[in-house]
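User: Hi! I have a small helical puzzle open on my screen and would like to talk through how its pieces fit together. Could you take me through it?

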Amino acid sequence: KREFGLNVKRKALNMGQQQQFIIEGFPGVGPNLAKSMLKHFKTIKNIANATAEELQKVAKIGKKKAETIKKILDASY
């Protein structure tokens, strides 16, 4: 059975666009929120290591959204 990638875009993206693309993959995170998260935390690694409480310091991230993001980051595949 052939596997198909979830990323259907073939256009080359710069580093910032690639980072934004990854963060937009979280539920409820669009381009504006992804940019805000990256501006606040500076790196994807910092976002991944942030606690739910730290995520809530970004505007438009409430308790439920922060917990959803943490659940996805901490879940086993």
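User: How do the axes of α1 and α2 cross, and what does that make α1 relative to α2?

Analyst: Happy to help, and please keep in mind that this is a predicted model. The axes of α1 and α2 come within 9 Å and cross at roughly 110°. Angles of 65 to 115 degrees count as roughly perpendicular. That crossing angle therefore makes α1, relative to α2, roughly perpendicular.

User: Is that crossing of α1 and α2 left-handed or right-handed, and how many nonpolar residues does the contact have?

Analyst: The crossing of α1 and α2 is right-handed. On the α1 side the contact is made by Gln19, Gln20 and Ile23, which meet Pro31, Ala34, Lys35, Met37 and Leu38 of α2. Sorted by type, the residues of this contact include 2 polar and 1 charged, and the nonpolar ones number 5.

User: Let me look at Gln20 for a moment. Is Gln20 buried or exposed, and how far is its C-alpha from that of Ala34?

Analyst: Gln20 is found in helix α1, and it counts as buried because its relative accessibility is 17%, where the cut-off is under 20%. Leaving out residues up to four places away in sequence, Gln20 touches Pro31, Ala34, Lys35 and Leu38. Gln20 and Ala34 are 14 residues apart in sequence, and their C-alpha atoms are separated by 5.7 Å.

User: Now to α2 itself. Why do the buried residues of α2 line one face of the helix?

Analyst: Helix α2 covers residues 31-41, and its buried residues are Leu33, Ala34, Met37, Leu38 and Phe41. Seen down the axis of α2, these residues line one face because they fall within an arc of 135°. As a general rule, an α-helix has 3.6 residues a turn, so residues three or four places apart point the same way. The value that settles it for α2 is the arc of 135°.

User: Which helices do the buried residues of α2 pack against, and which exposed residues does the face turned away carry?

Analyst: The buried residues of α2 have four packing partners to look at: α1 (15-23), α3 (44-49), α4 (52-55) and α5 (63-74). Turn the helix around, and the face pointing away from the buried side carries exposed residues. Those are Asn32 and Lys39.

User: His40 is in α2 too. Which residues does His40 touch beyond four places in sequence?

Analyst: His40 has its place in helix α2 and counts as partly exposed, with 41% relative accessibility. Its C-alpha atom is separated by 27 Å from that of Lys11, 29 residues apart along the chain. With residues up to four places away left out, His40 touches Glu54, Lys57 and Val58.

User: What follows α2, and what is the phi there?

Analyst: Step past the end of helix α2, which spans residues 31-41. The residue that follows is Lys42. Its phi is positive, near 75°.

User: Lys70 caught my eye. Is Lys70 buried or exposed, and which residues is Lys70 in contact with?

Analyst: Lys70 is found in helix α5. At 14% relative accessibility, Lys70 counts as buried. Leaving aside neighbours within four places in sequence, its contacts are Ala48, Asn49, Ala50, Thr51, Ala52 and Leu55.

User: And Glu24? What is the C-alpha separation of Glu24 and Lys70?

Analyst: Glu24 sits in the loop between α1 and α2, and its relative accessibility of 30% makes it partly exposed. Beyond four places in sequence, Glu24 touches Val29, Gly30, Pro31 and Ala34. Glu24 and Lys70 are 46 residues apart in sequence, and from C-alpha to C-alpha the separation is 14 Å.

User: Let's zoom out. How many helices and strands does the protein chain have, and what percentage of its residues is buried?

Analyst: The protein chain has 5 helices and 0 strands, giving the pattern α-α-α-α-α along the sequence. Its C-alpha trace spans about 40 × 30 × 20 Å along the principal axes. Among contacts with a separation of 6 or more, 29% join residues 24 or more positions apart. Of the 77 residues in the protein chain, the buried share is 23%.

Notes. Residues numbered from 1 in each chain as written. Predicted model: local features only at pLDDT ≥ 70, side-chain atom pairs only at ≥ 80, totals over all residues. Heavy atoms only, no water. Buried < 20%, exposed > 50% of the residue type's maximum accessible area, 1.4 Å probe, protein only. Helix = DSSP H or I, 4+ residues; strand = E, 2+ residues; numbered from the N terminus. Arc of directions from axis to C-beta. Contact = heavy atoms within 4.5 Å. Axes fitted to C-alpha atoms, helices over the stretch in contact; angles between N-to-C directions. Parallel < 35°, antiparallel > 145°, perpendicular 65-115°, else oblique. Left-handed = near helix turned anticlockwise from the far one by under 90°. Nonpolar A, V, L, I, M, F, W, Y, C, P; charged D, E, K, R; others polar.
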